[in-house]
Amino acid sequence: MKFLDQAKIFVKSGDGGAGSVSFRREKYVAEGGPDGGDGGRGGDVWVECVDGLNTLIDYRYAQHYKAKIGMHGMGRNRTGAKGDDVVLRVPVGTQILEEDNETVQADMTEIGQRLLLLKGGNGGFGNAHFKSSTNQAPRHANPGLEGDEKWIWLRLKLIADAGLVGLPNAGKSTFLSAVSAARPKIADYPFTTLHPNLGVCELDNRGFVLADIPGLIRGAHEGHGLGDRFLGHVERTRVLLHLVDGSGEEDPADSYRTIRGELEAYGHGLDEKAEIVCLSKADALTEELREERFKSLEEACGQKPLIISSASGENIDTAQRMIIRAIDKDKQDEANAIPSDGIEEWRP
């Protein structure tokens, strides 16, 4: 299945059915009077968050979704049936945005969550509704109200506990394959990863979800390379694992500053998240080169980087334990920030 994290679609709620103009006509019943029924309401447009989906590929091939119109009213005071609804089923983590692709209307983060996107038009009144003592034989009825319509954007942001960031060929996909059952494409050239990958990691009877996104390059926020559009998939993470290639020709300090600059340019709080810095591909380094690049990276990031090798397994478990501790700390900080009982705050 292809991965699609953004789609623009057209949605329209159903028009209301028209009211009926009808008069009771039965043998031996004089002056039957009006009996035209009301029209049915048009169908609604709903968005529902469901399990089992991890892409918006369904909305790549069908961009128009229209609810059914309400049935027209009929004689004998029969009200028309309501039009069928349209339900857009989306994966967890989908945002609903207006046509400007900036204004967020809803954030679907829980399975079973439903949102009424557009309400169907009301049905028109039949002529029985207009009967009165001064107008005992009305010969008019209302048409149904038109439904609403608009273009919207669906944007998927994967929900993961930790995210992998770094330059292309920093070893992110190799790390993901080493710590989880995910099997992303791995090759010795830049931009091997073209779309985000998720992996479930388990260690010491603990589990967390790790997201790998395509590598960033200098100027990604200006559209260079694959740009920064995939950074949205690590916005919801609690910690970032920043991999810096220790075997490359570029100085690790410069590589680190490049990624930090792109995170700051992107914003949305990514540059404020907890960060674990790792010097990757340590198996390809001599002892002297390892020490030299370790010190260079330490001066750039202001913390002691973890030296790892996904190929040999060096410090892979340590990196996972650091991620688990960072996740637990973020959860604890979040719990402390939200008071359990708001009443206590107002006590003198």
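Two residues are in contact when heavy atoms of theirs lie within 4.5 Å. Keep that in mind on this tour of a predicted model.

**Stop 1: the sheet.** Select strands 9 to 14. They form an open sheet of six strands, in the order 10-11-9-12-13-14. The pairing is mixed. Strands of a sheet pair through backbone hydrogen bonds, either parallel or antiparallel. Now find the edges: strand 10 (197-203) and strand 14 (306-307) each pair on one side only.

**Stop 2: inside the sheet.** Select residues 162-165, which are strand 9, and residues 239-245, which are strand 12. The two strands run parallel, and four bridges join them. Click on Leu-164. Its bridge partner in strand 12 is Leu-241.

**Stop 3: helices on the sheet.** Show helix 2, residues 172-179. Helix 2 packs on the sheet and touches strands 9, 10, 11 and 12. Its direction makes about 155 degrees with that of strand 11 (206-212). Next, show helix 4, residues 287-301. Helix 4 lies across strands 12, 13 and 14, and runs at about 160 degrees to strand 13 (274-280).

**Stop 4: two helices together.** Keep helix 4 and add helix 3, residues 252-266. Their axes come within 8 Å and cross at roughly 30 degrees. Angles under 35 degrees count as roughly parallel, so helix 3 and helix 4 are roughly parallel to each other. Their crossing is right-handed.

Which residues of helix 3 meet helix 4? Select Pro-252, Ala-253, Tyr-256 and Arg-257. On the helix 4 side, pick Arg-293, Ser-296, Leu-297, Ala-300 and Cys-301. Colour the contact by type: six residues are nonpolar, one is polar and two are charged.

Definitions and conventions: Residues numbered from 1 in each chain as written. Predicted model: local features only at pLDDT ≥ 70, side-chain atom pairs only at ≥ 80, totals over all residues. Heavy atoms only, no water. Pairing = 2+ DSSP bridges. Axes fitted to C-alpha atoms, helices over the stretch in contact; angles between N-to-C directions. Parallel < 35°, antiparallel > 145°, perpendicular 65-115°, else oblique. Left-handed = near helix turned anticlockwise from the far one by under 90°. Nonpolar A, V, L, I, M, F, W, Y, C, P; charged D, E, K, R; others polar.
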